[in-house]
Amino acid sequence: MCLIPKYNVKIVIIYRMSVIHPSEIEFIAEDELIKVTPRFREQRLQMITGNFGPFAPGVPLKIPIWMALNLKNRGLVIVHQPKWMTEEKLKEWLESENADNTNAIAPLHYHYREISRMVFYLTLA
């Protein structure tokens with residue numbers, strides 16, 4: 001509560017603590033680009049988030065994860081794991097984290113939890 005002396009008015013200020021649900025974070029993470037190899041031929045696709053393509057069989061390209069999920073479920077692409085998700089990079093990150101006990105090490109990727117969950121889902125599908 002604060003008092004504005006000039007007008008002698010009391011104003012009650014209510015702060016709303018906004019909480020982001022994990023599904024909203026995952027939705028945001030779906031805009032990250034991931035490397036795929038298409039099994040179909042298609043011209044450049046114009047989407048709101050950008051232009052993607054052209055798609056040619058056997059030629060890798062980067063598309064948003066939401067698009068990769070859709071195309072993978074239809075069997076139209078092969079999804080490649082991100083470079084930061086390889087065994088060597090994960091071991092390197094773990095060793096650097098264990099070596100420096102005083103400071104926290106930055107995560108591999110800003111949305112590493114969400115992206116890794118979606119990539120694992122894609123490999124099981």
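## Strands and the pocket

A strand here is a DSSP run of type E with at least two residues, and strands are numbered from the N terminus. With that in hand, let's look around this predicted model.

Strand 3, residues 33-38, is the element that gives the most to the lining of the largest pocket: three residues. In total, 13 residues line this pocket. Lying nearest its centre are Lys35, Lys62, Gln81, Pro82 and Lys83.

How much space lies in the largest pocket? It's about 250 Å³. Sort the lining by class and you get six nonpolar, four charged and three polar residues.

## The sheet

Strand 3 turns up again in an open sheet of three strands, where the order is 6-3-7 and the pairing is antiparallel. Why is one side of strand 6 and of strand 7 left without a neighbour in the sheet? Strand 6 (61-64) and strand 7 (77-79) stand at the edges and each has a single partner strand, so there is nothing from the sheet on that one side. Neighbouring strands aren't lined up straight, either: on average they are turned by 50° against each other, ignoring direction.

Now zoom in on one pair. Strand 3 and strand 7 run antiparallel and are joined by three bridges. Here's a spot to look for: Val36 stands opposite Val79, which belongs to strand 7.

## The helix across the sheet

One more piece to find is helix 2, made of residues 65-73. Helix 2 lies across strand 3, strand 6 and strand 7. Compared with strand 6, this helix runs at about 100°.

Definitions and conventions: Residues numbered from 1 in each chain as written. Predicted model: local features only at pLDDT ≥ 70, side-chain atom pairs only at ≥ 80, totals over all residues. Heavy atoms only, no water. 1 Å grid on protein atoms, 1.4 Å probe; cavity = no way out; pocket = protein on both sides within 12 Å on 5 of 7 lines; lining within 4 Å. Points joined across faces, edges and corners; volume = space filled by probe spheres on them. Helix = DSSP H or I, 4+ residues; strand = E, 2+ residues; numbered from the N terminus. Nonpolar A, V, L, I, M, F, W, Y, C, P; charged D, E, K, R; others polar. Pairing = 2+ DSSP bridges. Axes fitted to C-alpha atoms, helices over the stretch in contact; angles between N-to-C directions. Contact = heavy atoms within 4.5 Å.
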